[in-house]
Amino acid sequence: MKLLSTVAWGALALALSSHAQAQVAAQAASSNGATEVDAVVVTGTRRVDRTAFESTAPVDVVSQEALRNTVSDEIMDKLAATTPSFNVQRLPAADGQAFVRPATLRGLSPDQTLVLVNGKRRHRSAVLGGRGQQGVDLASLGTSGIERIEVLRDGASAQYGSDAIAGVINIILSDKTGFDGYAQTGRYFAGDGQKTEIGGRYGVAFGQGGSLVGAIDYTDAEATSRTRQRPDAIAFQAANPSIKVPNPVQRWGQPDRTVWRGSLNLVVPVGDAVEAYAFATYSDMSGVTDFNWRNPSTDTSYRTSPAFPGWSLSQLYPAGFSPKFGQDETNASVNGGLRGDAFGWSWDASAGWGRDKVDYVLSNSINASFGPQSPTRFDAGALIQEEKTLNLDASRPLAWSFLAKPANLALGLEARKETYEIEAGDRYSWDVGPGAPAGLPSGSNGFPGYAPSQAGSWDQTSYAAYVDLDLPITDKLDADIAVRHEDFSEFGQTTDGKIAARYAITPNFALRGAVSTGFRAPTAGQINNTRTSQGLNTTTLLLFTSGRLSPINPISVALGGKPLEPEESKNLSFGAVFRQGGFTASVDYYRIDVDNRFAVSPNFTVTPALRAQLVAQGVPGADSLTTVSYFTNSFDTRTQGVDVVGSWRGQVWGGKAGVTAAWNWNDTKVTRSKLTEVSKLARINLEDGLPQNAANLTFDYAKGRFSGLLRARWSGEWTDAQANGTADLIQTFGGRTLVDLSVSAELTSAIKLTVGAENLFDTYPAEATFQASRGLIYSRNAPYDTDGGLWYARVSAKF
């Protein structure tokens, strides 16, 4: 039955019915462990007293201290270092993905993992990835304001709604009083990538249980370069000795970045049984990276035109040029509400708003079709994602005589509206000038701007209701049943369910398992976004320009495009958890079948007739497009794997020690494909683009004023597959182990100094042989950092 739009704006699947439960969980979290089975968790359960050990599904708890023990300022890298089933890539020269990096859980798409902050849904990034994914930009959140991160490794759409196919990441903000801050500096062994970080959190308590906590983080990171001079640049220099050609002509590595991140977390008691709460986050992130070098000997921008007598681009860029791609991203969110207890119910009513705006700027470029009239710096337009959510949750215990303990019933409603907007760039970034008939390409070279014909605003609304019943059937057997119904304006209705159970064989050993269905709804951005991009054929070293159209564009429809359907999943998991003294361990098997996964269609060659249609539609750079494609429901996949996690804490050598080991085996197979021969690359990337095996081993030790940490991170074999004009580039890379080491000393009771190195032995992957022609040494799709070793020093203070 269709849910009426007049239904009260409702609830997200997690009810934070008590501010105290976050405090209890914070006290239970460990200093360095990636998972603590005795920590109270608030993710994947409606109860307020359940620990990770008692959970029916695996939940990792990553503490603030564990986050600090990874040097990167970005949360994705910190999670990847502590959770083997979590991966993140660096994608230099990949347009917006160079800054909004795709992160995956269990090898699934970045937007198939739901992200929460304090239990409330986090808004998506405005950037769409190369395969159509539109996930949350985790880099927009600073770490100083975070108390811990809970990672639910199980399907949870029946509890939380769209996107929770692989699992849920719940970021819990701190409510601690006092000050906790740090200053850190570091540099890669190669001598570049200098990074300075400063951050701090300050909290005050007031009234009877009120608190206000503010946090801020600042990062200034210089670029890295793992590059050799391009062979064609060497040849051009030899043929033109009077021209000074930069060496290298372009940089492959991390971008220059400047980032501000902040958060506020407020709780205000309102009477004895009600409290008001609010939290907000904000970030401003800007950066610049390089695009491919334009060779004056081969680039069509260097042609002459009778429209511009006496003018040639060689007058402006005699040594060629590498466009500089810049991104300025502002990300903000505000959530607030009331929660309390009444008539035996715990309730939570809230509203949330989030917005991500990404402005693109291109410099050191040209719109050659305008000749000398063209600027060299362009405003290429902006992408905006905005989401509004209203939530209502209620839960209560039910004392039924046939149960060992009271059951817990949770009910909720949710309504959500998301809006996607494209703002056009300046005229010269997309327009066609008088030099186009002579073959001079139009649009800002490297990243044609968004044209008015592509600009617009599109929205999607959804309404949801759920019920969740936790049943302690006996002292040993606990079951959880959840059902959720949603109604989306763009594709209709869906109902999903989950049954999970846990059986305690002994107080310290239990079996657990779950079956569920899930889904991920197509977003307004995926349905309506249109994009033009450029690449370099590494064989011919000629640029090619490709267009990606909306799947509902009339041209896409004529080529076979259809409206996007939701991705649907069936999840199965079972495992065991054990604890004895200071030792804990868990083993979990999972299988996730996903139907109608998104991908890009095959590339269609642009014929003269098709080009005329594209030009008529005002697609930027249509005069030089070589291929076009669109997003489509392309694949069915089956992902299965095993997570093994073990940890021990105890007394050794007169001090406190801890060992944590984790291993993940993850295998994805395409079970059905609608695509033809081009699908080979997509199939390889889905099945082998990430390591099937990954593991980490961490040892920490503290005695007196001194402490240290030693960590080994291993990634197994993986394959890189990329399109290259008319050719395919495929290379398999072997496994690598990266070792991290840090040593800390408490200079006073409040001041601590830490020095260390990540990738201590300066380990690099094998070279990407098929990319050598454009100066790239290591694959830009590697599942780990390819910049070598990094040293750092950090001073932290707490009082």
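These legends walk through a whole-chain view and a few close-ups of one predicted model.

Local features here need pLDDT of at least 70 and side-chain atom pairs count only at pLDDT 80 or more, while totals for chains, interfaces and linings use all residues. Residues are numbered from 1 along each chain as its sequence is written, and side-chain values use heavy atoms, with hydrogens and water left out.

**View 1. The whole protein chain, with ten helices and 34 strands.** Helices (H or I, at least four residues) and strands (E, at least two) are DSSP runs, numbered from the N terminus. The C-alpha trace spans about 90 × 65 × 50 Å along its principal axes. For 799 residues, a compact globule would have a radius of gyration near 28 Å, and the 27 Å of this chain agrees with that. (That radius is taken over C-alpha atoms, and the globule rule is 2.2 Å times the number of residues to the power 0.38.) Of the 799 residues, 61% are buried, where buried means under 20% relative accessible area, exposed over 50%, and partly exposed in between (1.4 Å probe, protein chains only). Now take the contacts (heavy atoms within 4.5 Å) between residues at least 6 apart in sequence: 72% of them join residues at least 24 apart.

**View 2. The buried residues of helix H5.** Which residues are buried in H5? In this helix, residues 231-239, they are Asp232, Ala233 and Phe236. They sit on the same side of H5, because they cover an arc of only 100 degrees around the axis. The arc is that of the directions from the helix axis to the C-beta atoms. As background, an α-helix has 3.6 residues a turn, so residues three or four places apart point the same way.

**View 3. A cis peptide bond at proline 248.** Look at the loop between H5 and strand E11 (256-270), and you'll find proline 248 there. The peptide bond leading to it from asparagine 247 is cis, with omega near 0 degrees.

**View 4. Asparagine 118 and its positive phi.** Asparagine 118 is not a glycine, yet its phi is positive, about 50 degrees. You can spot asparagine 118 in the loop between strand E4 (113-117) and strand E5 (120-121). Is asparagine 118 buried or exposed? It is buried, at a relative accessible area of 9%.

**View 5. Asparagine 759 and its positive phi.** Here phi is about 60 degrees, although asparagine 759 is not a glycine either. The loop that holds asparagine 759 runs between strand E33 (751-758) and strand E34 (790-798). With 4% relative accessibility, asparagine 759 counts as buried.
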